[in-house]
Amino acid sequence: MNHYYNRFETSKNYEKSLFLAGRGLQSSELNEIQETALNKLKSLGDAIFKDGDVVRGCDCIVQEDLATVEAGSVYLRGAVRAVPQASLTINENQRFNIGLFLKETTVTELEDPTLRDPAVGTRNYQEPGAARMQYSLNWGAQAEGTTTDSTLGDFYPVYVVDQGVLILKSPAPELDSVKVALARYDRESNGSYIVRGFDVKYQNITNEQQIFVLNEGKAHVDGYEIELPHSVRLKYNLKPDLSTVQSEPHTFQPNEQGSMRIALNNPTCSSVQSVDITQQKSTNLTHGAFSGVADQIPDQAILEVVQVKQGSTVYVQGTDFRLQAGSVDWSLSGAEPSPGSSYEVTYRARVRVTPQDVTEDGLTVANAVPGTLVLIDYTWKMPRYDLITIDKDGRVQRIQGQAHPWKPSIPKAPHGQLALAYVAQTWKVHDKPEVISTAIHAISMTEIQAMRQAISELYDFVAEERLKNDANSRDPAAKKGLFVDPFFDDDMRDNGLEQTAAIVDQCLQLPIAVTVVDTGKVATPWMLPFTLEPLVEQPLRTGFMKINPYQAFDPLPAITKMVLDTDRWTEVQTVWNSHTTSRFSTTSSSVLQQTIVTSEVLSSKTAEAATMRPIPQKFTIAGFQPNEELSITFDGLDVEAQPVGGA
């Protein structure tokens, strides 16, 4: 290709070639004309399609380990190219990309003699001319995470096969820019959701792998449509998080056979490292060659010596012998066996044994001293929550959560993935992990209409129940000549007589009439009687001097003080001449609330008033120079100040 000159560069923005009469034609100029036209065509095609989009045909059928692709047309490198039919072998236990290998080949007159000049009778007849650039397309399958032979050409994926299941994406042909815009709108308004199906179910455990089944369905993930034509088997390695327990204590209480079944505190045991028990043993020792020698006991971690005897003679510990560094020490002044004679020693020692019948929840230990501790070192599988998600490419993943002995955390779906289900991993052999569906499902208009109808019926039931309660509260007054007033309102009071009591909050009480006076609005503050008493006195003083004798300081800034007034008022609505108790409303700052008292609706209401009543606002401005112009605004409105009291 080095001899085929081509100076085309996109960054130079050359639109077309301009030829002048009398100047020679360059071969590079002809190549640049072709490259410019192809680049314009590719720019237009890339705005509509992307490499690997199927334009027509190319239906893919997957049957176990064989994938068959029909002939059709695929958009690649700025052109719609015809592709042949092919059959490919895949591994149904892996994820494969099925696509096209595109390879460029330069063909000259040596490979194709028809490229020589066919013009008979000319000087250039059968002379070599321009070569040709040839593209070859072949279907191929590439497992994810692997690299292919570069001699096959550049690989462009078209389909995705996950464990023998074809993942269908948005149908083609589609305008890629339109698809991206629709995906953005769907993502921002609805997020990721399931249209139908996509249920996750646990199946079994095979070869240290958990097998789940993802049912067929359709979903929109990150704005892009994903469809599964049939169920997918998901296989994940167990990979539990292990925690080590050291010296878990248990008291040995044997059964009739001298063994004990121990239930571990964590019933998901993975492996047992060691079991440390206390055993009682008896052995014969030969006394040393001289008196007072220490005889070594053939064991480690000796706890105590239970008995030492020779024939019918039983030796006393602490008088005749003592336990010293795992040996029977005869250096005491008491009796001892003859040198070179043998005697029997019964002792207790800590030993590590191999347990029996080890299961995930316990093990069996034998030949230990009753009432002693059994210390067990083991690892166990901590509970965990796993999250199964799917992305816009149809890739199903398992996200492992953070394991914890009693409170595992639930993982969150990463950005751009749709959470399908949580898996509560308890790791018990005979218990299936609980699969909890958490996916968001799209709601159809039929379901929305049914929900609307249910809400309307619920309102009817609540209204009917209120009527029943109101009827029950009024009914006792007319039964058996008894008069019962629940003090809900004034309905059951005698309207012909003057009533001197008021009903407030279902209580009958004397009315209260008050007048609210704001102490801040009077000339003289209201205070309780008082007498001034000196608390701190300073009868003496020291000399003084001027701190700033030259009066060198900046002028004081202007000061504005505002006194926020509080407006209170009372509104009373009287249906008839029954006494009422006053209620008070308070306005503070910019929040305005109004309390309405009415006996007809049997309750009081609090609501925001539409407007505030106009009230005068006091403020003081000081620190300005004489004749200085002032502009006063309050909440963006011009305010005209009125002097008060000559201020």
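Colleague: What does the secondary structure of the protein come to in this predicted model?

Modeller: The secondary structure comes to three helices and 41 strands, and since the model is a predicted one, every value that I give you is computed from it.

Colleague: How many of the residues count as buried, and what does that word require?

Modeller: Of the 647 residues of the protein, 30% count as buried, and a residue earns that word with a relative accessible area under 20%. The protein exposes about 43800 Å², with 52% of this area supplied by carbon and sulfur atoms.

Colleague: What share of the contacts joins residues 24 or more positions apart?

Modeller: Among contacts with a separation of 6 or more, residues 24 or more positions apart account for 64%.

Colleague: Why is the pair of glutamate 15 and lysine 40 called a salt bridge?

Modeller: The closest N and O atoms of glutamate 15 and lysine 40 are 2.8 Å apart, and the cut-off is a side-chain nitrogen of Lys or Arg within 4 Å of a carboxyl oxygen of Asp or Glu, so the pair qualifies. Glutamate 15 lies in the segment before H1 while lysine 40 lies in helix H1, and therefore the pair ties together parts that are 25 residues apart in sequence.

Colleague: Why is glutamate 15 called exposed, and what is lysine 40 called?

Modeller: Glutamate 15 has a relative accessible area of 53%, and because exposed means over 50%, the word applies. Lysine 40, at 42% relative accessibility, counts as partly exposed, because its value falls between the limits of 20% and 50%.

Colleague: How do you know that lysine 42 and aspartate 46 are separated by about one helical turn?

Modeller: The two residues are four residues apart in helix H1, which means a separation of about one helical turn. They form a salt bridge with the closest N and O atoms 2.8 Å apart, and both count as partly exposed, lysine 42 at 31% relative accessibility and aspartate 46 at 32%.

Colleague: What makes glutamate 227 and arginine 196 a link between distant parts of the chain?

Modeller: Their side chains meet in a salt bridge at 3.5 Å, N to O. The pair links distant parts of the chain, with glutamate 227 in strand E15 (residues 224-228) and arginine 196 in strand E11 (residues 193-197), 31 residues apart. Glutamate 227 is partly exposed at 21%, and because buried means under 20%, that word does not apply to glutamate 227. Arginine 196, with a relative accessible area of 43%, is partly exposed.

Colleague: How many salt bridges does the structure hold, and which residues are linked in a network?

Modeller: The structure holds 17 salt bridges, and Arg77, Glu104 and Asp154 are linked in a network of them.

Colleague: How do you know that isoleucine 33 is accessible enough for a nonpolar surface patch?

Modeller: Isoleucine 33, which lies in helix H1 (residues 27-48), has 38% relative accessibility and counts as partly exposed. Patch residues need over 30% relative accessible area, so isoleucine 33 meets that requirement. The patch, of about 380 Å², is made by Phe19, Leu25, Leu30 and Ile33.

Colleague: Which element supplies the largest share of the lining of the largest pocket?

Modeller: Helix H1 does, with nine residues. The largest pocket has a volume of about 920 Å³ and is lined by 26 residues, of which Asn6, Gln34, Glu35, Leu38 and Met133 lie nearest its centre. H1, strand E5 (79-83), strand E7 (95-107) and strand E8 (132-143) each supply at least two residues of the lining.

Technical notes. Residues are numbered from 1 along each chain as its sequence is written. This is a predicted model: local features need pLDDT of at least 70, side-chain atom pairs count only at pLDDT 80 or more; totals for chains, interfaces and linings use all residues. Side-chain values use heavy atoms; hydrogens and water are left out. Patches are made of residues with over 30% relative accessible area and no salt bridge: like charges are joined within 9 Å, nonpolar side chains (Val, Leu, Ile, Met, Phe, Trp, Tyr) within 5 Å. Accessible areas come from the Shrake-Rupley method with a 1.4 Å probe; for residues, only the protein chains shown count as cover. Buried means under 20% relative accessible area, exposed over 50%, partly exposed in between (1.4 Å probe, protein chains only). Contact means heavy atoms within 4.5 Å. On a 1 Å grid over the protein atoms alone, a cavity is a set of points where a 1.4 Å probe fits but cannot get out, and a pocket is an open set with protein on both sides within 12 Å along at least five of seven lines; lining residues have an atom within 4 Å of a point. Grid points are joined across faces, edges and corners, and a volume is the space filled by probe spheres set on the points.
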